[in-house]
Structure formats: structure tokens, C-alpha cells
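User: I would like to go through this protein step by step, beginning with its overall make-up and then turning to how its helices pack. Please reason through each reply before giving the value or name I ask for.

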Amino acid sequence: MNRLLDDRATRLFIGLAAFFCVNAVLAEFIGVKIFALEDTLGIAPLQWNLFGQSGSLNFTAGTLLWPIVFIMTDTVNEYFGKRGVRLISWLAAGFIVYGFVFAFVAIYLAPASWWIGVARDQGVPDYQAAFAAVFGQGLWTIAGSLVAFMIGQLIDVRVFHRIRRATGERQAWLRATGSTAVSQLVDSFVVLYIAFVLGPQQWPTSLFLAVGTLNYAYKMLAAIALIPLLYLMRAGIHRYLGKERAAQLRQDAALRLGAR
């Protein structure tokens with residue numbers, strides 16, 4: 001066991017898996033906040049107009065972290081293959097469910113009488129109501145997010161594999177961005193469809209298409225902007241493992257992908 005934990009490839013996988021899962025869980029929990037991009041950047045509202053809908057650029061705070069999750073997915077795929085991506089995806093989904101279960105348990109615990117008004121001076125008259133509103137995301141939203149996450153991950157690994165077979169070891173940016181482009185096209189619309197079309201809000205088709213298109217555009221712009229980070233991670237991994245070990249891992253990952 002000690003020899004296994006001393007192996008640098010094992011340590012790398014544990015580190016990547018842990019960072020992936022933390023980002024995925026955190027994105028779910030902070031995603032309850034909707035922020036205005038233009039106000040955050042200090043610019044005038046752009047007032048988009050799509051499918052007969054219009055508005056400013058509002059996104060969930062979770063969108064800040066999902067591009068990092070995409071990069072981690074492609075990095076694990078590159079060095080540990082399909083099995084590695086499936087493992088961390090199921091781990092993350094399990095942790096998300098685990099987190100929400102205990103969030104709901106915490107909501108239903110009887111609050112201490114003094115705690116309810118402890119933040120009144122900060123503009124929060126009922127701490128219990130605020131806690132429940134922040135952590136008690138609707139079941140439709142949770143279900144939509146989990147289903148979209150798993151479908152997106154499974155599509156990502158397959159598209160990554162197909163592009164890798166076509167390009168070989170060249171053009172890492174293309175297989176990373178290409179797999180994200182396809183998987184997030186599905187993810188962006190599945191989560192909204194389950195959470196807000198099938199769910200109690202029952203969005204009209206025009207709003208569903210408009211918001212889904214904006215979310216997808218944001219994710220793709222973020223994925224393109226993070227291409228330098230992908231190459232920085234690769235350089236760091238090669239330095240940590242050594243070029244020969246890194247090349248062997250990538251070759252093994254490609255062979256395992258090709259055998260399935």
C-alpha cells in the first residue's frame with residue numbers, strides 16, 4: 001500500500017479526482033446565486049435578444065467553476081482514459097447527492113431560538129429562512145443538474161476519444177475544446193429542460209432556447225479562454241511524472257480507449 005501511494009501517477013490521479021469532485025460539488029451549491037455579468041464587470045447591460053426573449057447577461061455562480069471541471073475531465077481523460085473519467089464522474093455525482101441529503105437534513109433541524117435573529121444587524125431577519133432558501137434547492141433543479149452532468153461527462157469522453165483517434169497525440173486543444181463543445185451543448189439544454197420546462201416553472205420554449213443558448217455560449221467562451229491553462233497543466237504533469245512516464249500513461253489511456 002505504501003508503495004502504491006508513493007507512485008506519482010497514483011498521487012496525480014488522487015489529486016485530480018479530489019480537485020474535480022470539490023469543484024463539481026461546490027459548483028452545485030453556489031449555483032443557487034444568480035449574478036449579473038455586466039454589473040460585475042461595471043459595463044452597461046447588453047440587452048440580448050434571442051427567440052423573442054430579451055434581457056441582461058445573468059448566470060448562476062456555478063458557471064464560474066464548470067469550465068474548470070471541463071479542463072479536469074479532459075486532463076484525466078488524457079492520462080487515465082475512459083475508466084478514470086467514469087470513476088471521478090460517479091464519485092462527484094455521489095458526493096453531490098450526499099451533500100444535498102445532509103443540506104436538507106440541516107434545514108429540517110430545529111433552529112436554536114437565539115440563532116434565528118443572530119444576523120438581524122446584517123440585514124437577515126430570519127437566519128433559518130435564509131439558510132433554507134440558499135441550501136434548499138428544488139428537487140427538479142438537483143435532478144436536472146445531476147442527469148445533465150452525467151450525460152455530459154459520458155458524451156465528453158466519447159467525443160474526446162474520437163478526436164484523439166483522428167489527431168493522434170497532436171492538437172490537445174482540439175480534442176479538449178471539441179469534446180466540451182459537444183458535451184456542453186447537451187448539458188446546457190438538458191439541465192434547463194428538466195429543471196424549468198418539466199419542473200413546476202414550466203418555461204415556454206422561447207425562454208428555454210434563449211437561456212440555454214446563452215449558457216452554452218458562455219461555457220464555450222470560457223473553455224476557449226482556458227486553453228492556456230490546459231497546456232500549463234500538461235507541462236506541470238510532465239514535469240512531475242517525467243516525460244517518459246507521462247508518455248506511457250497517455251499511450252495506455254489511448255490504447256484502453258481504442259479497445260472499447
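The questions and answers below deal with a predicted model.

User: How many helices and strands are there in the protein, and what percentage of its residues is buried?

Analyst: The C-alpha atoms of this predicted model fill a box of roughly 60 × 50 × 35 Å along the principal axes. Among contacts with a separation of 6 or more, 76% are between residues 24 or more positions apart. The protein has 11 helices and four strands, and of its 260 residues the buried share is 44%.

User: Are α8 and α9 roughly parallel or roughly antiparallel to each other?

Analyst: The axes of α8 (172-197) and α9 (residues 205-225) come within 9 Å and cross at roughly 150°, and the crossing is right-handed. Angles over 145 degrees count as roughly antiparallel. The relation of α8 to α9 is therefore roughly antiparallel.

User: Which residues of α8 meet α9, and how does the contact divide by class?

Analyst: On the α9 side the contact is made by F208, L209, V211, G212, T213, N215, Y216, K219, M220, A223 and I224, and they meet T177, T180, A181, Q184, L185, D187, S188, F189, L192, Y193 and V197 in α8. By class, the residues of this contact divide into 13 nonpolar, seven polar and two charged.

User: Against which elements do the buried residues of α9 pack?

Analyst: The buried residues of α9 include F208, A210, V211, G212, L214 and N215, and also Y218, K219, M220, A222 and A223. The helix has 21 residues, which at 1.5 Å a residue should span 30 Å, and its end C-alpha atoms are 30 Å apart, in agreement with that expectation. The elements packed against by the buried residues of α9 are β2 (48-50), β3 (53-55), β4 (58-60), α4, α8 and α10 (227-241).

User: Is L209 buried or partly exposed, and with which residues is it in contact beyond its neighbours within four places in sequence?

Analyst: L209 lies in helix α9, and its C-alpha atom is separated by 9.4 Å from that of Y193, 16 residues apart along the chain. Buried means under 20% relative accessible area, and L209, at 27% relative accessibility, therefore counts as partly exposed. Once neighbours within four places in sequence are left aside, L209 is in contact with F51 and F189.

User: What is the phi of F51, and where is that residue found?

Analyst: F51 is partly exposed, with a relative accessible area of 48%. Most residues other than glycine have a negative phi. F51 has a positive value although it is a residue other than glycine. F51 is found in the loop between β2 and β3, and its phi is near 50°.

User: Are α4 and α8 oblique or roughly antiparallel to each other, and how many charged residues does their contact have?

Analyst: The axes of α4 and α8 come within 10 Å and cross at roughly 125°, in a right-handed crossing. Angles over 145 degrees count as roughly antiparallel and 65 to 115 as roughly perpendicular, with the rest in between taken as oblique, so α4 and α8 are oblique to each other. F70, D74 and E78 in α4 meet R175, A176, S179, T180 and Q184 in α8. These residues divide into two nonpolar and three polar, and the charged ones number three.

User: Is the crossing of α4 and α6 left-handed or right-handed?

Analyst: The axes of α4 (residues 66-108) and α6 (residues 127-135) come within 10 Å and cross at roughly 160°, and the two helices are therefore roughly antiparallel. In α4, F100, A103, A106 and I107 meet Q128, F131, A132 and F135 in α6, and by class this contact has seven nonpolar, one polar and no charged residues. The crossing of α4 and α6 is left-handed.

User: Which residue follows α7, and how far apart in space are the C-alpha atoms of that residue, G168, and V124?

Analyst: α7 has 29 residues and reaches 42 Å from its first C-alpha to its last, close to the 42 Å expected at 1.5 Å a residue. The residue that follows α7 is G168, whose phi is positive, near 70°. G168 is found in the loop between α7 (139-167) and α8 and is partly exposed, with a relative accessible area of 28%. G168 and V124 are 44 residues apart in sequence, and their C-alpha to C-alpha distance in space is 56 Å.

Technical notes. Residues numbered from 1 in each chain as written. Predicted model: local features only at pLDDT ≥ 70, side-chain atom pairs only at ≥ 80, totals over all residues. Heavy atoms only, no water. Axes fitted to C-alpha atoms, helices over the stretch in contact; angles between N-to-C directions. Parallel < 35°, antiparallel > 145°, perpendicular 65-115°, else oblique. Left-handed = near helix turned anticlockwise from the far one by under 90°. Contact = heavy atoms within 4.5 Å. Nonpolar A, V, L, I, M, F, W, Y, C, P; charged D, E, K, R; others polar. Expected span 1.5 Å × (residues − 1). Buried < 20%, exposed > 50% of the residue type's maximum accessible area, 1.4 Å probe, protein only.
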